[in-house]
2 protein chains.
Amino acid sequence: MKILMVIVDGMADRSVDGTTPLKSARTPNLDLLSEMGINGIMDTIRPGIRPGSDTAHLSILGYDPFQYYTGRGPIEACGAGIEVRPGDIAFRVNFATVEGDGSVFDKRVVDRRAGRIQDKEELVKAVNEGVKLEGIELILGNASGHRAALVLRGGNLSDRITDSDPKSEGDKVKRVVALEPEAEHTARVVNEFIERSHAILDSHPLNEERAKNGLPKANVLLLRGVGKAVHVPKFHERYGMRMAVIAGTTLIKGIGRLVGADVIENERFTGSKNTDLDLKVKTALKSLETLDFVLLHIKAPDEFGHDGDFEGKKDFIEKVDSAFEAFTSLNFSEICLTVLSDHTTPVSVKDHTADPVPVMIVCEGVRRDDVKHFNEFSVYRGGLCRIKGMDLMNILLDLTGKSKKFGA
Amino acid sequence: MKILMVIVDGMADRSVDGTTPLKSARTPNLDLLSEMGINGIMDTIRPGIRPGSDTAHLSILGYDPFQYYTGRGPIEACGAGIEVRPGDIAFRVNFATVEGDGSVFDKRVVDRRAGRIQDKEELVKAVNEGVKLEGIELILGNASGHRAALVLRGGNLSDRITDSDPKSEGDKVKRVVALEPEAEHTARVVNEFIERSHAILDSHPLNEERAKNGLPKANVLLLRGVGKAVHVPKFHERYGMRMAVIAGTTLIKGIGRLVGADVIENERFTGSKNTDLDLKVKTALKSLETLDFVLLHIKAPDEFGHDGDFEGKKDFIEKVDSAFEAFTSLNFSEICLTVLSDHTTPVSVKDHTADPVPVMIVCEGVRRDDVKHFNEFSVYRGGLCRIKGMDLMNILLDLTGKSKKFGA
């Protein structure tokens with residue numbers, strides 16, 4: 001039996017006048033699936049622990065985030081297509097604009113996104129070729145828009161250092177500082193990188209051209225989210241299943257690459273409200289023909305949550321539900337379907353909260369419960385009761401006949 | 001207050017056309033008890049972890065199987081009445097028949113059960129007296145039918161070795177191999193034991209006699225399930241209660257002996273469908289007059305599960321229910337009753353699965369819930385919600401006023 005895991009990012013919500021976007025949405029397909037399966041609520045990490053999408057996804061895939069999550073950097077680097085190795089340190093990077101005189105650390109950030117620059121491959125190449133650090137290999141990976149990822153390798157690097165990104169415009173680029181004596185060498189190397197890459201970028205023809213056209217120069221790299229990469233066992237080694245990830249969001253693609261999944265890309269998977277839901281569903285079902293495990297990720301409900309947009313979230317959930325009609329006629333003796341949210345993103349909070357998420361599992365043999373609606377106010381009465389994110393994979397492996405017996 | 005723990009092995013099931021053997025069985029007594037008590041579902045080890053009966057029972061008795069389960073050998077040796085000590089290595093043993101020339105490892109297994117030999121005490125004695133191993137004490141313990149258990153003691157033995165049992169007939173006896181360099185001495189000793197015991201058995205008068213009568217010789221010992229015994233605290237030391245085990249199954253008796261319980265034997269407790277359920281129940285109630293904790297184990301529903309026999313399982317559960325009528329009139333201010341399954345054995349899977357099991361607790365003061373039927377589709381709505389096997393003993397100790405306060 002194969003497994004289709006559908007994660008609707010931030011779909012769950014808190015109560016607003018006794019309802020939620022999910023509860024108030026018309027969701028005949030989710031409700032039918034809920035009725036056909038077993039339901040419950042799930043703490044993706046632990047009760048009361050507010051998950052990021054990254055830590056939540058790791059946990060749901062059975063990778064303890066307390067062990068495998070060392071910061072956003074390594075995941076973003078994977079998402080940018082860099083092969084990250086244990087011991088590397090990795091950063092999220094913004095191409096940004098600085099102005100002023102003196103050293104790069106005396107200059108002020110005037111645009112944290114360098115005018116939302118799009119085509120910057122040449123700049124990435126120039127940094128990779130031009131910056132030399134003694135004893136350290138560096139890899140700058142390109143990502144969408146103004147984003148990039150940086151990996152430093154070799155020389156016993158530490159991730160106990162601060163960010164260079166001042167986070168707000170008008171402030172100076174921050175000199176990276178060691179948080180413990182052992183990290184001083186790393187801080188020095190990273191500051192050197194920031195200086196040398198600035199020198200190369202500031203005088204690069206592409207930036208001279210931008211300046212001439214009145215566009216902000218993409219002349220500095222702002223670093224944040226540093227993490228030291230650890231060994232992460234591949235999904236297929238761990239579970240004996242080949243995995244596909246269908247997602248528009250770089251972060252989720254990064255998690256897919258981190259665990260060795262096939263990341264299926266398509267420009268119509270945008271990771272936003274203009275994504276092609278039907279194509280995503282179709283691609284997921286197609287992938288199941290050749291692979292054993294498919295993670296289908298849908299991002300937009302989380303964005304509506306962050307925007308505090310109740311109606312927008314509700315309307316988008318209805319679109320998601322329509323796209324899920326295809327799931328209601330799956331052969332559940334061949335495919336085990338689970339639908340869940342990675343965390344709650346209440347429109348009232350505009351950020352992630354730790355409220356448990358609804359989860360359902362539909363497959364042959366599952367103990368159907370009395371739940372008939374898939375929302376925050378109904379599923380807790382279901383047969384799964386309250387489970388943890390880290391338990392979900394084991395439950396799915398057991399239901400699909402893939403787990404080993406412990407004892408005799 | 002005393003505790004009566006009733007474990008119906010493999011009673012729980014998965015959904016077959018919306019029902020299960022337990023749900024479709026007529027169980028007025030279980031249902032009445034369920035109504036009188038508090039109910040829930042339980043992951044005997046952890047959600048999604050498929051339990052053996054051995055690991056499940058350890059966990060339910062509050063012995064973490066990840067700490068105390070080192071393989072089936074030590075439990076079987078306890079079941080065969082051998083006093084197992086920490087550091088011993090122990091094996092499950094089959095008396096079997098080999099034929100051919102040369103060393104024992106050149107011969108082929110023609111009957112893995114030596115014609116299901118029954119009376120083999122003389123053979124066991126001959127091996128115990130005749131085989132000498134330098135610096136190693138050996139104890140072969142007799143068990144029912146063709147079964148036995150072997151303990152080796154002394155000389156820093158390792159359990160990182162392979163089985164000698166080829167598992168299928170027609171194959172040669174397997175030479176035991178070390179799985180790490182430190183285990184090479186042990187592998188050599190065990191292979192010597194196999195050779196020397198074969199020499200003694202093959203020429204033993206009882207086997208000469210069997211050969212004359214056309215019966216297969218019980219002339220080799222096949223070893224499997226090796227485990228290195230660890231210190232297991234006794235039940236009465238741990239909980240301050242004297243414990244009795246009423247079971248027909250060697251494995252469960254072995255667990256009882258492992259934790260220092262009184263194992264009450266009776267030839268009418270068969271560990272199978274022909275067991276005397278009424279006598280078992282009567283013996284359990286009798287034992288409670290003098291002891292504090294009684295574990296009553298009923299095996300047959302698991303066997304029907306392994307056989308994929310829905311109707312057989314259902315019918316047997318109805319017999320179990322009839323025998324449990326005696327429990328409905330217990331004085332629940334003196335006895336705390338818990339009824340549960342050790343794991344799910346779905347007739348559709350014919351093996352153990354990790355689906356949580358139903359559990360109920362009936363005693364004075366317990367918070368009665370609305371559950372009126374004891375089955376997989378009803379108890380999850382009960383007041384216990386979803387608990388873990390390792391938590392059950394603590395809950396029972398607390399309900400019966402036996403636990404210490406943590407803090408003040």
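What share of the contacts in chain A with a separation of 6 or more is accounted for by residues 24 or more positions apart? In this predicted model, such residues account for 70% of those contacts. Chain A contains 14 helices and 14 strands. Of its 408 residues, 53% are buried. The C-alpha trace of chain A spans about 70 × 50 × 35 Å along its principal axes. The radius of gyration of chain A is 23 Å, which agrees with the value near 22 Å for a compact globule because that value is the one set for 408 residues.

Chain A is divided into two domains. Domain 1 covers residues 2–70 together with 232–399, and domain 2 covers residues 77–228. The contact between them takes seven residues from domain 1 of chain A and seven residues from domain 2 of chain A. On the side of domain 1 that touches domain 2, there are two nonpolar, three polar and two charged residues. The C-alpha centres of the two domains of chain A lie 34 Å apart.

An open sheet in chain A is built from eight strands, in the order S9-S8-S10-S1-S11-S12-S2-S13, with mixed pairing. Strand S9 (262–264) and strand S13 (385–388) of chain A are its edge strands, each pairing on one side only. On average, and with direction ignored, neighbouring strands of this sheet are turned by 25 degrees against each other. Helix H2 of chain A, residues 28–36, packs on the sheet. This helix touches strand S2 (38–43), strand S11 (335–340) and strand S12 (357–362) of chain A, and its direction makes about 65 degrees with that of S12(A). At the S9 edge, strand S8 of chain A (residues 243–246) and S9(A) pair in the parallel sense over three bridges. Within this pairing, Val245(A) has Val263(A) in S9(A) as its bridge partner. In general, strands of a sheet pair through backbone hydrogen bonds, either parallel or antiparallel.

Helix H5 of chain A, residues 72–79, is mostly covered, with eight of its eight residues buried. The buried residues include two with charged side chains by class, Arg72(A) and Glu76(A). The others are Gly73(A), Pro74(A), Ile75(A), Ala77(A), Cys78(A) and Gly79(A). Among the elements that cover the buried residues of H5(A) are helix H3 (53–60) and helix H10 (250–258) of chain A. The covering elements also include strands S3 (89–99), S5 (137–142), S6 (147–153) and S7 (220–228) of chain A. Just after H5(A), Gly81(A) takes a positive phi of about 85 degrees.

Chain A also meets chain B. In this interface, 29 residues of chain B are in contact with 20 residues of chain A. On the side of chain B that touches chain A, strand S3 (50–51), helix H3 (53–60) and strand S14 (385–388) of chain B each supply at least two residues. By class, this side of chain B has twelve nonpolar, eight polar and nine charged residues. Strand pairing also links the two chains: strand S14 of chain A, residues 405–406, and S3(B) pair in the parallel sense over two bridges. In this pairing, Phe406(A) stands opposite Pro51(B) in S3(B).

Note on methods:
Residues numbered from 1 in each chain as written. Chains lettered and ligands numbered in written order. Predicted model: local features only at pLDDT ≥ 70, side-chain atom pairs only at ≥ 80, totals over all residues. Contact = placed C-beta atoms within 7 Å. Helix = DSSP H or I, 4+ residues; strand = E, 2+ residues; numbered from the N terminus. Pairing = 2+ DSSP bridges. Buried ≥ 20, exposed ≤ 12 C-beta atoms within 10 Å, placed from the backbone. Domains from an automatic or database assignment. Rg over C-alpha atoms; globule rule 2.2 N^0.38 Å. Axes fitted to C-alpha atoms, helices over the stretch in contact; angles between N-to-C directions.
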